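Biologist: Could you take a close look at one part of this protein for me, the nonpolar core, and walk me through what surrounds it?

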Amino acid sequence: MAAQVDGQRLDDDEIIGFVGLLLLAGHITTTALLTNVILCLDEFPDVAAALRADPGALPGAIEEVLRFRTPLAPSMRRTTREVRVGEHTVPAGRIVLAWLASANRDERQFTAPDTFDIHRAPNPHLSLGHGIHFCLGAPLARLEVRIAVEKMLGRWSGITVADGVEYHDARGIVGAKKLPLHLRWA
């Protein structure tokens, strides 16, 4: 609200629009991240047991879920100048679709990229963007998911995914929009 560019501030309508965008964009991706954590814990029950034994490993687990099941797989950008990508030249002004899920499995960046490893370090995934395109809500999303998963692991000794999972269209959001669970109280 206090930001200025060349002495100009956002007016009230622009601030309301910006806040609305942040809330909507942050909600769907954060809920997708949370469902992806649950799906990974169901797929890798040894990780769920390890996190119950050592909740301090949860931040690393969340980073690995971000890499392994990227909540927002595609990222579109417009080139500002001609750029070379591999053997191809992309002219200025073109829309480029980067598939972050693919970048997060790049064997040149990640040892055993198809292995789910909550202790992966470093973990330079691109799920939350990079540079000027880094997600403003990243710290909040990480905090919300960490708190939710800590509460779930503390409350239930067993969390398994039931039949009837419905997924978002993976060309946009990667995660469940309906995630029925079987829960066993701790």
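Modeller: Reading from the N terminus, the elements go α-α-α-β-β-β-β-α-α-β-β-β-β, which gives five helices and eight strands. Keep in mind that this is a predicted model. The C-alpha atoms fit a box of roughly 55 × 45 × 30 Å along the principal axes, and 32% of the 186 residues count as buried.

Now to the core you asked about. The largest nonpolar core has 22 residues, and Leu-41, Leu-51 and Phe-116 are the ones that touch the most other members. At least two residues each come from helix 1 (12-43), helix 2 (45-53), helix 3 (58-68) and helix 5 (138-155). Helix 3 gives the largest share, with six residues. There's also a second, separate core of seven residues, with Ile-38, Leu-39, Ile-159 and Ala-176 among them. As a general point, nonpolar side chains in soluble globular proteins tend to be buried together.

Let's zoom in on Phe-116. Once you set aside neighbours within four places in sequence, Phe-116 is in contact with Cys-40, Phe-44, Val-47, Glu-64, Val-65 and Phe-68. Contacts across the sequence are worth a look for the chain as a whole, too: of the contacts with a separation of 6 or more, 62% are between residues 24 or more positions apart.

Next, have a look at His-125, which sits in the loop between helix 4 (100-103) and helix 5. Is His-125 buried or exposed? With a relative accessible area of 10%, His-125 falls under the 20% cut-off, so it counts as buried. Not counting residues up to four places away in sequence, His-125 touches Glu-63, Leu-66, Arg-67, Asn-104, Phe-110 and Arg-142. The His-125 side chain also reaches the backbone nitrogen of Ser-127, at 3.2 Å.

For contrast, try Leu-136, which is likewise placed in the loop between helix 4 and helix 5. Leu-136 has a relative accessible area of 65%, and because that is over 50%, it counts as exposed. Leu-136 belongs to a nonpolar patch on the surface together with Leu-10, Phe-18, Leu-21 and Leu-22, and the patch has about 500 Å² of accessible area in total. As for the chain as a whole, about 12000 Å² is exposed, with carbon and sulfur atoms supplying 59% of that.

Methods:
Residues numbered from 1 in each chain as written. Predicted model: local features only at pLDDT ≥ 70, side-chain atom pairs only at ≥ 80, totals over all residues. Heavy atoms only, no water. Core = buried A, V, L, I, M, F, W, Y, C linked by side-chain atoms within 4.5 Å. Buried < 20%, exposed > 50% of the residue type's maximum accessible area, 1.4 Å probe, protein only. Helix = DSSP H or I, 4+ residues; strand = E, 2+ residues; numbered from the N terminus. Contact = heavy atoms within 4.5 Å. Polar contact = N/O pair within 3.5 Å; in protein donor to acceptor, adjacent residues only side chain to side chain. Patch = residues over 30% accessible without salt bridge, like charges linked within 9 Å, V, L, I, M, F, W, Y side chains within 5 Å. Areas by Shrake-Rupley, 256 points an atom, 1.4 Å probe, with all protein chains shown as cover. Salt bridge = Lys/Arg side-chain N within 4 Å of Asp/Glu carboxyl O.
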